[in-house]
Amino acid sequence: IIILKALGEFIGIFGASFLVGSMMGCMTALITKFTQIKQFPQLESTLFILMSYSTFLLAEVLHLTGIVAVLFCGICQAHYTYNNLSKESRTITRKFFGLLNFMAENFIFSYVGVSMFTFPKHKFDPAFIFGSFVAIIAGRAANIYPLSFLLNLGRQTKITPALQHMLFLSGLRGAIAFALSNLLCLPVDYPSQYRH
């Protein structure tokens, strides 16, 4: 019963987050298509960015998952809204998100370096570290190669072995993985505001 309840809650939250994200993405597409906002490229880009962020906030207020909502909002915006933007707005938006991406990645890598010296009482367990590397490599291999094989059964353009190796190796860089694992592994007595 608990498993069914958890599964139902997961499906409900995921489905509602999907709807919120899709609706916000489609609403942005409709606004950019049927209004004269193209005459104001900066306003158009600002609307695009704020609607994306407000999707996250709306989902969180409704006790849904903001990440899933933003993901589906982004999918809708990539397919519809982005094509409705004026040429200048596309350039502004692309450069802005490129800047955010660059800043976020650099922040994470800086955080990786600084955390070595700021968190007290590091405990290094060589067996755990080595086992983690083995598990990561095995997990990547167990995902990339079998899924590529299955995808190649129905594709005209096959995923070549060289491309499969590239996919395998590219997933081993870990800025996001580090950030998530670091937040999950904070001590129990660490202040709760830093755990979320």
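What share of the contacts in the protein chain with a separation of 6 or more comes from residues 24 or more positions apart? Keep that in mind as you read these notes on a predicted model.

1. **The answer to the opening question.** Residues 24 or more positions apart account for 64% of those contacts. For one pair to look up yourself, try glycine 139 and phenylalanine 168: they are 29 residues apart in sequence, and their C-alpha atoms are 9.8 Å apart in space.

2. **The overall plan.** The protein chain has seven helices and zero strands. Following the sequence from start to end, you will read the pattern α-α-α-α-α-α-α.

3. **Inside and outside.** Of the 196 residues in the protein chain, 23% are buried. The chain exposes about 14400 Å², and carbon and sulfur atoms supply 74% of that area.

4. **A nonpolar patch.** Look for a nonpolar surface patch of about 840 Å². Its members are Leu4, Leu7, Phe10, Ile11, Phe14, Phe18, Leu19 and Met23. Leucine 19 is a good one to find, and it sits in helix H1, which covers residues 2–34. Is leucine 19 buried or exposed? The reply lies in between: with a relative accessible area of 47%, leucine 19 counts as partly exposed, because that class runs between under 20% for buried and over 50% for exposed.

5. **Helix H2, checked by length.** Helix H2 takes in residues 41–61, which makes 21 residues. At 1.5 Å a residue, H2 should span 30 Å, and its end C-alpha atoms are indeed 30 Å apart, so the two values agree.

6. **The two sides of H2.** Pro41, Glu44, Ser45, Leu47, Phe48, Met51, Ser52, Thr55 and Ala59 are the buried residues of H2. Viewed down the axis of H2, these buried residues fall within an arc of 160 degrees, so they line one face of the helix. Exposed residues on the other side of H2 are Gln42, Leu50 and Val61. What do the buried residues of H2 pack against? They pack against H1, helix H3 (66–84) and helix H4 (87–118).

7. **Just past H2.** Do pause at histidine 63, which comes just after H2 and takes a positive phi of about 60 degrees.

8. **Back to glycine 139.** This glycine from the first point lies in helix H5, residues 126–154. Glycine 139 has a relative accessible area of 29%, so it is partly exposed.

How values were computed. Residues numbered from 1 in each chain as written. Predicted model: local features only at pLDDT ≥ 70, side-chain atom pairs only at ≥ 80, totals over all residues. Heavy atoms only, no water. Patch = residues over 30% accessible without salt bridge, like charges linked within 9 Å, V, L, I, M, F, W, Y side chains within 5 Å. Areas by Shrake-Rupley, 256 points an atom, 1.4 Å probe, with all protein chains shown as cover. Salt bridge = Lys/Arg side-chain N within 4 Å of Asp/Glu carboxyl O. Helix = DSSP H or I, 4+ residues; strand = E, 2+ residues; numbered from the N terminus. Buried < 20%, exposed > 50% of the residue type's maximum accessible area, 1.4 Å probe, protein only. Expected span 1.5 Å × (residues − 1). Arc of directions from axis to C-beta. Contact = heavy atoms within 4.5 Å.
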